[in-house]
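Dear colleague,

Please find below the structure I agreed to pass on to you. My findings follow directly after it.

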Amino acid sequence: MKLFGVDFTSAPSRRKAITIASGIWKQEVLQVQELYRLTDFGSFEQWLQQDGPWLAGFDLPFSLPRELVQTLAWPLQWAELMRHLQTVPRAELRAQCKAFCDARPAGQKFAHRQTDRPAGSSPSMKWVNPPVAYMLHAGAPRLLQAGVSIPGMVTGDPQRIAVEAYPGMVARSVTKNSYKSDDPAKHTIARRDARRQIVAALEAGATPWRIRVNCSAVRESLIEDGSADLLDAVLCQMLAAWSWQRREQQFGMPLFDPLEGWIAGCDVLIPV
């Protein structure tokens with residue numbers, strides 16, 4: 001089975017590209033074969049149309065919190081919400097989210113999806129540090145337009161399957177130390193050592209998801225890339241493999257709100 005991990009950006013360029021890890025699931029091991037970058041949305045849209053079968057984990061929120069959507073009186077069905085977002089300029093999305101936050105008390109500014117807390121992810125309506133709302137705005141409607149299937153949310157091409165993935169969740173299960181920075185001045189030995197530790201855990205299957213990853217073809221690239229875009233793509237790819245392994249059980253997804261979406265594998269971290 002062809003498996004991808006996609007480290008997404010809301011403004012792809014040569015400096016900061018959409019980064020993709022490509023490989024296969026073979027004999028219960030994820031074999032990472034290739035890493036590459038897409039520098040514009042046209043290339044990304046074309047990539048989404050490639051023939052299946054494939055499954056990809058995408059590092060971008062697939063939707064907004066239901067509480068926010070209801071407050072704004074936006075569509076309460078995912079596909080209709082994504083079509084609506086296509087008509088909302090980024091600046092207006094920011095203004096709507098900011099107005100929502102401004103009307104709420106300190107400490108409760110943002111609404112959260114049910115999946116955010118177990119995954120430890122930023123609220124998908126957040127527009128700065130990190131600007132995940134912009135990633136959603138740029139990415140999720142394109143997934144709908146591409147006609148992929150998203151388990152539990154939308155039925156599209158059954159040969160092209162997308163799941164939401166969050167690399168930070170996996171990285172923090174290995175080390176709490178910082179492992180990346182977009183600032184070259186902060187590409188330290190300590191961060192490189194943290195990336196090396198994460199890669200070693202992936203190769204040993206020593207994460208809560210217990211997926212073994214063969215990184216031999218790309219190992220040094222994963223360790224030396226100070227931005228960790230390459231490593232984040234592989235972390236997303238590992239969660240895609242975990243979902244594929246559970247394809248007969250709704251790709252490992254629990255019952256969840258189909259408007260909000262769910263981060264693949266985050267329930268592994270929920271205490272029993």
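**Pockets, cysteines and one helix**

The second largest pocket is lined by Arg-14, Arg-15, Lys-16, Ala-17, Thr-19, Arg-37, Asp-182, Pro-184, His-187, Asp-225, Ser-227 and Asp-229. Please bear in mind that this is a predicted model. Sorted by class, the lining of the second largest pocket comprises seven charged, three polar and two nonpolar residues. The space in this second largest pocket amounts to about 170 Å³.

The largest pocket holds about 910 Å³ of space. Its lining consists of 38 residues, and those nearest its centre are Asp-59, Pro-130, Met-135, Lys-180 and Asp-232. Two or more lining residues come from each of H6, helix H7 (167–174) and helix H10 (229–245). Of the elements, H7 makes the greatest contribution to the lining of the largest pocket, with three residues. The classes in the lining of the largest pocket are 13 charged, 13 nonpolar and 12 polar residues.

Turning to the cysteines, how many disulfides does the model contain? The count is zero. A disulfide would require two cysteine sulfur atoms within 2.5 Å. For Cys-97, the closest cysteine sulfur belongs to Cys-101 and lies 6.8 Å away, so the two are too far apart for a bond. For Cys-266, the closest cysteine sulfur is that of Cys-236, at 14 Å, which is likewise too far for a bond. Cys-97 counts as buried because its relative accessibility is 1%, where buried means under 20%. Cys-266 is also buried, with a relative accessibility of 0%.

The last item concerns helix H3, which spans residues 78–85. Which residues of H3 are buried? They are Trp-78, Ala-79, Leu-81, Met-82 and Leu-85. These buried residues lie on the same side of H3 because they cover an arc of only 160° around the axis. In an α-helix there are 3.6 residues a turn, so residues three or four places apart point the same way. Among the elements that cover the buried residues of H3 are helix H2 (66–72), helix H4 (90–102) and helix H6 (132–146). H6 thus appears in two places in this account: it is part of the cover over the buried residues of H3, and it gives two or more residues to the lining of the largest pocket.

With kind regards

How values were computed
Residues are numbered from 1 along each chain as its sequence is written. This is a predicted model: local features need pLDDT of at least 70, side-chain atom pairs count only at pLDDT 80 or more; totals for chains, interfaces and linings use all residues. Side-chain values use heavy atoms; hydrogens and water are left out. Buried means under 20% relative accessible area, exposed over 50%, partly exposed in between (1.4 Å probe, protein chains only). Helices (H or I, at least four residues) and strands (E, at least two) are DSSP runs, numbered from the N terminus. The arc is that of the directions from the helix axis to the C-beta atoms. Contact means heavy atoms within 4.5 Å. On a 1 Å grid over the protein atoms alone, a cavity is a set of points where a 1.4 Å probe fits but cannot get out, and a pocket is an open set with protein on both sides within 12 Å along at least five of seven lines; lining residues have an atom within 4 Å of a point. Grid points are joined across faces, edges and corners, and a volume is the space filled by probe spheres set on the points. Ala, Val, Leu, Ile, Met, Phe, Trp, Tyr, Cys and Pro count as nonpolar, Asp, Glu, Lys and Arg as charged, and the others, Gly among them, as polar.
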